[in-house]
Amino acid sequence: MKKFFILVLIGPMWVQSQNTSFIIPDSIQNRDFRYLENRIDHFNNDSARAAVYLFTYIQKAKRERNWEELKNGYQNIMHQSPASLRSVYADSMVYAAKKTKDNATIGSAFLSKGIVSFADKKHKEALDDYLIANEYISKTDDHYLIHKVKYNIAQLKSSMGFYDEAIVLLRECVKYYKKNDDRPYLNSLHSLGLSYNKIGNYGKCSQTNDKGIKESAKRALPQMGVYFRHSEGVNQYFIKNYQQAIDNLKSTMLEIQSNNDFANESVGNFYIGKSYWELKKEPKAIPYFNKVDQIFNSTQFIRKDLLETYVLLINYYKTKKEDKLHLYYIDQLLKAEVALRETNNYLVSKINKEYDNKTILSENQKLKQMADGQQY
């Protein structure tokens, strides 16, 4: 009920704000941005109560033509908004950032916009934004943002199967964020463990997951522990501990669903199904494979490993002589292959040409500048 209420409230308020008819309450008319930001943080889990401070922040920034604070205001409201409005606020955030003419501010805005697209599994759009972000951020000495770009590029490299390249970037992020920021550190550690699994280093994956669970508790971020347990569930499948895989993954599914994390929900269902399949309990596996298909239908999310869902379902229903379902899953496999191929071809071409090459050139230029400086 709470999420529905937020949708009802935020939607009309956004329309009011865009039409500049939102009126700042007298009680906070003269408050500064830091006060408003503190109130927004205070109501972080209550968008309805945060709304008045969010829109006051934006109106105040517009009135003062303070572009950097306007960018911050749109970024704040983007994080508080329902998914259907986030891309709208992301565009407004980028517009305000460009007005600052500051490389770090503009790069940060494009990076945030890309993260919104990546969360929606719009990988093409995400990559385009990451590349633009990298253009701006590479011109700065902001190491936090530099590593944030690296982390998000690593996510895309991993999704394309370039796991060794992702590992190089993620190790850099783990090293940097360990002393600088808890959540990015744990996110980087989690992604690193997933990449170890993908290259077949299951022992290193387990070590990383175990470390992640301990660090999540130590840093008071228990919600991240769920993701390390989910990762370990997948890892247990690959070392043929099928019942352990099922137990681990099932223990995480409710929380992952409550986070609306359809990608990890799909992956979890697939590996629960695969574990039952390996235990010769095919009928138990089928409902989990069906959930993978349902998520593909509703979100178009698919991964290369998840394609096996359709191969197994096709063979299962062929054996059962259920022609209608047999043909349905053949059709679904073809659709999934096309969706995966189109996205991957675009990403592989673009990331090789526009990120890797430019990164090499940028590093080469910095080395030359350092060498020139040493000559004097």
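**Exercise 1. Is Cys-205 buried or exposed?**

Solution. Cys-205 has 0% relative accessibility and therefore counts as buried. The scale calls a residue buried under 20% relative accessible area, exposed over 50% and partly exposed in between (1.4 Å probe, protein chains only). Cys-173 also has a relative accessible area of 0%, so Cys-173 is buried.

Before going on, note that this is a predicted model, where local features need pLDDT of at least 70 and side-chain atom pairs count only at pLDDT 80 or more, while totals for chains, interfaces and linings use all residues. Residues are numbered from 1 along each chain as its sequence is written, and side-chain values use heavy atoms, with hydrogens and water left out.

**Exercise 2. How many disulfides does the count come to?**

Solution. Start with the rule: a disulfide is a pair of cysteine sulfur atoms within 2.5 Å. By this rule, the count is zero.

**Exercise 3. Compare the expected span of helix 9 with the distance between its end C-alpha atoms.**

Solution. Helices are DSSP runs (H or I, at least four residues), as strands are (E, at least two), numbered from the N terminus.
- Step one: helix 9 covers residues 163-177, which is 15 residues.
- Step two: the expected span is 1.5 Å times one less than the number of residues, so helix 9 should span 21 Å.
- Step three: the end C-alpha atoms are 20 Å apart, which agrees.

The buried residues of this helix include Cys-173, Leu-169 and Tyr-176.

**Exercise 4. Classify the pairs that the ring of Tyr-329 makes with Tyr-317 and Tyr-328.**

Solution. A pair of aromatic rings is described by the distance of the centres and the angle of the planes. Rings of Phe, Tyr and Trp (its six-membered ring) pair if their centres lie within 6.5 Å; planes under 30 degrees apart count as stacked, over 60 as edge-to-face and the rest as tilted. The whole structure holds 23 aromatic pairs.
- Tyr-317 and Tyr-329 have ring centres 5.7 Å apart and planes at 10°, so they are stacked. This pair links distant parts of the chain, with Tyr-317 in helix 16 (residues 308-319) and Tyr-329 in helix 17 (residues 323-374), 12 residues apart.
- Tyr-328 and Tyr-329 have centres 4.8 Å apart and planes at 75°, so this pair is edge-to-face.

For the surroundings, Tyr-317 is buried at 9% relative accessibility, and Tyr-329 is buried at 5%. Tyr-328 is partly exposed at 31%.

**Exercise 5. Which parts of the chain does the salt bridge of Asp-182 and Arg-219 tie together?**

Solution. Side chains of opposite charge can pair when their charged atoms come close. The cut-off for a salt bridge is a side-chain nitrogen of Lys or Arg within 4 Å of a carboxyl oxygen of Asp or Glu, and the whole structure has 15 of them.
- Asp-182 and Arg-219 meet at 2.6 Å, N to O.
- Asp-182 lies in helix 10 (residues 182-198) and Arg-219 in the loop between helix 11 (202-218) and helix 12 (222-238), so the bridge ties together parts 37 residues apart in sequence.
- Asp-182 is partly exposed at 32%, whereas Arg-219 is buried at 17%.

**Exercise 6. How many residues apart are Asp-210 and Lys-214 in helix 11?**

Solution. Asp-210 and Lys-214 are four residues apart, about one turn of the helix. Their closest N and O atoms are 3.2 Å apart, in a salt bridge. Asp-210 is partly exposed at 39%, while Lys-214 is exposed at 54%.
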